[in-house]
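Thanks for asking me to look this one over. Here are my notes, as numbered points to read with the structure open beside you.

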Amino acid sequence: MNGHRPATSLDRPVDAEDEMSANFARTSRGPSLRVESVPAHAQDHWLDEAKTTDAPGMSLLRRFFHSSFSGSTQIISRIFGFFGTTPGKMAVGMIVLTAALLAAGLSMANSVANRQTELNHLLTSTEPMSNSAHNLYMSLSLADTIATTGFVQAGVEPEETRKQYLQAVDSAASEATAAVLDSDDEDVYLRQLAVQIQRQLPVYTGLVEAARTNNRAGNAVGAAYMSNASAMMRDDILPAAASLFRLSANNVSEQQDQLTRPQWVPLSGLVAALVFLGLAQYWLWRISRRRFNRGFLGATLLMALALAWVSGTNVYTWHLGSQGFTESSTPWDSLTQARIDAQRTRTEEILALVQRRTNYNPSLEFSSTNEHISDALTDYSNSTALHSSDAATIDEARTALQEWDEAKAHLLRALDSGNYEQALALATDSSPDAASTGTNQTMSSAAAFQKLDAALTELIATARDSMRSYLSESLAALNLVAAAVSLFSVLSAIAIWLGIRPRMVEYL
């Protein structure tokens with residue numbers, strides 16, 4: 001009570017005897033559990049930075065990297081540790097499978113879209129260029145024939161002949177321009193041929209005008225001008241036009257053949273995606289003991305549908321290209337070449353009158369032309385491009401070909417006998433009775449040729465329409481394919497993730 005607290009055992013000094021008693025007491029009680037206090041933040045120790053002590057003998061550079069990247073190393077180790085677990089393996093497999101599905105679908109969609117673009121280019125550019133090249137050659141040859149015909153006619157050139165000549169020249173210039181516009185930047189040689197024709201055409205027309213002017217004035221030099229103009233046409237302009245037509249026609253055939261082949265590489269990608277889906281489902285069945293997964297089954301169904309659609313489209317376009325287009329293009333090629341040969345023979349026939357060749361034998365040139373035309377008509381008769389209405393046109397062409405042959409025989413006899421007036425009427429007058437002699441009525445060579453050329457032109461137009469229809473059908477078959485395949489691949493990727501989610505939740 002005097003202000004001092006009572007003495008306790010803690011205040012008195014501890015001697016050796018007390019310490020021995022305490023030790024004996026602890027020993028006699030036996031081992032006891034030692035509970036240490038745990039900091040409150042110990043459960044969040046994974047958020048703390050790693051504290052490491054330097055090992056003895058560690059270099060300064062090694063200590064720097066060890067202290068700087070130890071945290072990142074632990075994170076990477078944990079990530080790879082997760083991938084070693086079953087949920088981690090599922091996640092890795094899903095990522096790989098998703099990439100395979102999207103790559104296969106988008107690759108096929110891109111391939112289909114590119115093919116659709118190239119087919120459209122073939123239909124709107126390459127094939128029209130080939131047709132323009134054919135029309136260019138025919139217009140040039142026709143212009144030369146009409147110019148020569150007007151030159152050999154007595155007196156002033158008929159107005160109708162002059163009008164036909166100008167139309168042929170205008171058509172040639174227009175078709176040459178169209179051929180340049182329809183050509184690609186890579187077709188440098190084709191452009192050069194078309195430009196060469198455009199450059200030489202005014203020179204040719206200038207020679208023709210000089211021949212006409214001198215002929216009306218009665219100057220003999222007019223025949224030389226006309227011969228030079230025809231020689232320029234036959235030796236320079238027409239060969240360039242023939243090369244342009246041949247190369248452009250080959251481009252059509254090559255592009256069509258390439259664009260209707262099966263798309264083996266993109267198709268193999270879809271097949272591989274289906275194989276991966278099957279393997280993934282087998283693996284999932286082995287670890288989950290569930291035979292079917294609705295998400296994976298839906299993805300398999302979608303990819304199988306995409307594969308079936310694309311395969312059917314490839315088979316259909318291949319059928320159109322290998323059979324339909326080829327069977328239509330073969331008679332078209334034959335007919336166009338036959339028409340070119342006929343026009344060339346017709347020009348030689350008129351040149352015989354200009355040069356007054358009494359030893360001219362048209363049968364030597366006409367025999368091969370006759371054979372080409374007959375073969376072309378036979379090819380068209382046997383092709384699938386033949387329409388029911390074409391039979392009458394083919395018969396008309398055969399009849400005109402025979403009449404032209406007979407008219408040439410009369411022309412040859414008139415030239416051999418020196419009857420230039422009758423030969424001129426046979427070669428230039430398009431009336432049916434131009435070669436009438438006595439009681440015999442013979443169609444003129446001009447009338448027979450016009451009849452034959454009209455029939456060939458009609459057949460060529462029909463064959464071209466059939467050929468273009470197959471290209472249009474191939475293009476139509478590809479509609480919606482690219483968009484559908486892309487959609488199926490994306491839906492498949494979503495389906496597999498929806499299907500794997502319940503399995504992953506079981507492990508989390």
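1. Let me start with a charged side chain that is out of the way. Arg-162 counts as buried because its relative accessibility is 18%, and the cut-off for buried is under 20%. Please keep in mind throughout that this is a predicted model.

2. The partner of Arg-162 comes next. Arg-162 makes a salt bridge with Glu-209, with the closest N and O atoms 2.9 Å apart. This pair joins distant parts of the chain: Arg-162 sits in helix α4 (residues 159-182) and Glu-209 in helix α5 (residues 188-216), 47 residues apart. Glu-209 has a relative accessibility of 26%, so it counts as partly exposed.

3. Glu-209 has another bridge to look at. Its side chain also meets that of Arg-212 in a salt bridge, at 2.9 Å from N to O. Here both residues lie in helix α5, 3 residues apart, which is about one turn of the helix. Arg-212 is buried, because its relative accessible area is 17%.

4. What does the overall fold look like? The protein chain has 13 helices and 0 strands, so you will find no sheet to orient by. Read from the N terminus, the elements run α-α-α-α-α-α-α-α-α-α-α-α-α. Of the 508 residues in the protein chain, 42% are buried. Among contacts with a separation of 6 or more, 80% are between residues 24 or more positions apart.

5. Now to the nonpolar interior. The largest nonpolar core holds 111 residues, and Leu-140, Tyr-204, Leu-244, Phe-296 and Leu-353 touch the most other members. Helix α3 (residues 86-152) gives the largest share of this core, 23 residues. If you would like one residue to click on, try Leu-353: leaving aside residues up to four places away in sequence, Leu-353 touches Val-152, Leu-411, Leu-415, Tyr-420, Ala-423, Leu-424 and Ala-427.

6. Is Gln-343 buried or exposed? Gln-343 counts as buried, because its relative accessibility is 2%. You will find Gln-343 in helix α8 (residues 294-354). Beyond residues up to four places away in sequence, Gln-343 touches Met-138, Ser-141, Leu-142, Thr-145 and Phe-449.

7. Back to salt bridges, where the count comes to 11. One of them pairs Arg-464 with Glu-127, with 2.8 Å between the closest N and O atoms. This pair also links distant parts of the chain, with Arg-464 in helix α12 and Glu-127 in helix α3, 337 residues apart. Both Arg-464 and Glu-127 are buried. Arg-468 belongs to the picture too, since Glu-127, Arg-464 and Arg-468 are linked in a network of salt bridges.

8. On to the surface. The protein chain exposes about 27700 Å², and carbon and sulfur atoms supply 58% of that area. A nonpolar patch on the surface is formed by Leu-487, Val-490, Leu-491, Ile-494 and Leu-498, which together have about 440 Å² of accessible area. Leu-498, one of the patch members, lies in helix α13 (residues 481-505). Leu-498 is exposed because its relative accessible area is 61%, and the cut-off for exposed is over 50%.

9. What is notable about the phi of Leu-480? Its phi is near 70°, a positive value in a residue other than glycine. Most residues other than glycine have a negative phi. Leu-480 is found in the loop between α12 (445-477) and α13. Leu-480 counts as exposed, because its relative accessibility is 64%.

10. Last, the annotation. UniProt, in an unreviewed entry, places the feature "transmembrane region" at residues 264-284, 296-318 and 476-500. In the model, residues 264-284 are 100% helix and 0% strand, and their end C-alpha atoms are 30 Å apart. Residues 476-500 are 88% helix and 0% strand, with end C-alpha atoms 39 Å apart. The loop residue Leu-480 and the patch residue Leu-498 are good places to look when you compare the record with the model.

How values were computed. Residues are numbered from 1 along each chain as its sequence is written. Side-chain values use heavy atoms; hydrogens and water are left out. A nonpolar core is a set of buried Ala, Val, Leu, Ile, Met, Phe, Trp, Tyr and Cys residues joined through side-chain atoms within 4.5 Å. Buried means under 20% relative accessible area, exposed over 50%, partly exposed in between (1.4 Å probe, protein chains only). Helices (H or I, at least four residues) and strands (E, at least two) are DSSP runs, numbered from the N terminus. Contact means heavy atoms within 4.5 Å. Patches are made of residues with over 30% relative accessible area and no salt bridge: like charges are joined within 9 Å, nonpolar side chains (Val, Leu, Ile, Met, Phe, Trp, Tyr) within 5 Å. Accessible areas come from the Shrake-Rupley method with a 1.4 Å probe; for residues, only the protein chains shown count as cover. A salt bridge is a side-chain nitrogen of Lys or Arg within 4 Å of a carboxyl oxygen of Asp or Glu. UniProt positions are given in the numbering used here, feature names are shortened, and annotations may be inferred rather than shown by experiment.
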